[in-house]
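The following report describes the fold of one protein chain, beginning with a sheet and the helices that lie across it, and ending with the chain as a whole.

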Amino acid sequence: MPVLAALTLAAGAVTAGCGPSGEPPLTVLAASSLTDVLGPVLDGLPEDVQVEVSYTASSTIVQQVRAGAPADVVVLAGTEPLAALPEELVVSGPEVLATNSLQIAVPPANPAGVTGPADLAGPGLTLVLCQEQVPCGAAARTFLDRAGLDPAVASYEPDVRAALARVEQGEADAAVVYRTDVLAAGDRVRGVAVPADLGVTTSYPVLVVSDHPQAPEVVATLLSDRARRLLSDAGFGVP
């Protein structure tokens with residue numbers, strides 16, 4: 001069974017045993033680009049709902065669910081991974097949690113002078129993308145195709161946070177990531193806009209993949225007005 005990546009616990013969560021309700025902890029598998037916002041959203045759950053959250057690439061989430069990894073609710077980036085998730089594993093959903101758009105992340109000093117998409121094909125530029133089976137990578141490929149660009153790519157990273165980290169650490173001149181990741185990085189990177197006519201909108205579907213009795217309550221919290229406000233503040237589009 002695949003090892004779950006980067007386990008992060010919501011407030012009040014436990015790693016074993018049952019919560020005050022007597023139910024076992026509920027496991028949420030979520031796309032990496034939700035790392036900074038999903039915890040605060042799930043803080044709105046009642047105290048008797050214990051949640052464990054793991055963040056990784058959406059394609060990996062689907063692989064884990066297919067392999068039988070513990071999962072009750074999944075939140076994916078992009079609708080493409082849904083095609084690989086057998087219908088019999090889906091108890092309810094999908095419902096759209098939020099949307100996201102692309103930006104080009106560059107170092108704060110922008111040493112390569114990237115001011116727009118055309119600069120990504122410049123000589124000597126170190127460009128990083130997500131792997132193409134990952135939603136941010138598929139979106140980046142669509143964007144580059146629309147722009148008529150076929151730039152040299154220095155590396156393909158397993159998820160959007162790994163791509164962003166290459167820029168933050170000064171190992172890349174640019175990475176195509178989500179707008180929310182640029183915002184979350186603060187002054188560690190700068191964002192260069194992707195023109196609207198070249199951009200790609202990524203939807204975030206929420207699905208229940210088990211019969212855990214508290215899964216509907218978790219989904220309701222994810223889709224609540226409070227969640228919409230937090231997601232909007234983090235730069236996501238909301239339905």
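Five strands are joined in an open sheet of mixed pairing, in the order E8-E7-E9-E6-E10, where two strands count as paired if DSSP finds at least two bridges between them. Strand E8 (155-157) and strand E10 (190-193) are the edge strands, each pairing on one side only, and from one strand to the next the twist averages 35°. This is a predicted model, in which local features need pLDDT of at least 70 and side-chain atom pairs count only at pLDDT 80 or more, while totals for chains, interfaces and linings use all residues. Residues are numbered from 1 along each chain as its sequence is written, and side-chain values use heavy atoms, with hydrogens and water left out.

Within the sheet, strand E6 (residues 102-106) pairs with strand E9 (residues 174-178) in the antiparallel sense over four bridges, and Gln103 stands opposite Val177 in E9. Helices (H or I, at least four residues) and strands (E, at least two) are DSSP runs numbered from the N terminus.

Two helices lie across strands of this sheet, as the table sets out; the angles run from 0 to 180 degrees between N-to-C directions, with axes fitted to C-alpha atoms, for helices over the stretch in contact (heavy atoms within 4.5 Å).

| Helix | Lies across | Angle |
|---|---|---|
| H3 (residues 135-146) | E6, E7 (127-130), E8 and E9 | about 125° to E7 |
| H4 (residues 160-168) | E6, E7, E8 and E9 | about 145° to E9 |

The end C-alpha atoms of H3 are 17 Å apart, which agrees with the 16 Å that its twelve residues should span at 1.5 Å a residue, the expected span being 1.5 Å times one less than the number of residues. Among the buried residues of H3 are Pro135, Cys136, Arg141 and Phe143, where buried means under 20% relative accessible area with a 1.4 Å probe and protein chains only. Just after H3, Gly148 takes a positive phi of about 70°.

Pro135 also appears in the surroundings of Ser58, which, leaving aside neighbours within four places in sequence, is in contact with Ala31, Leu76, Ala77, Pro81 and Pro135. Ser58 belongs to helix H2 (residues 58-66) and is buried, with a relative accessible area of 3%.

Taken as a whole, the protein has seven helices and eleven strands, and buried residues make up 49% of its 239 residues. Of the contacts with a separation of 6 or more, 80% are between residues 24 or more positions apart.

Definitions and conventions
Buried means under 20% relative accessible area, exposed over 50%, partly exposed in between (1.4 Å probe, protein chains only).
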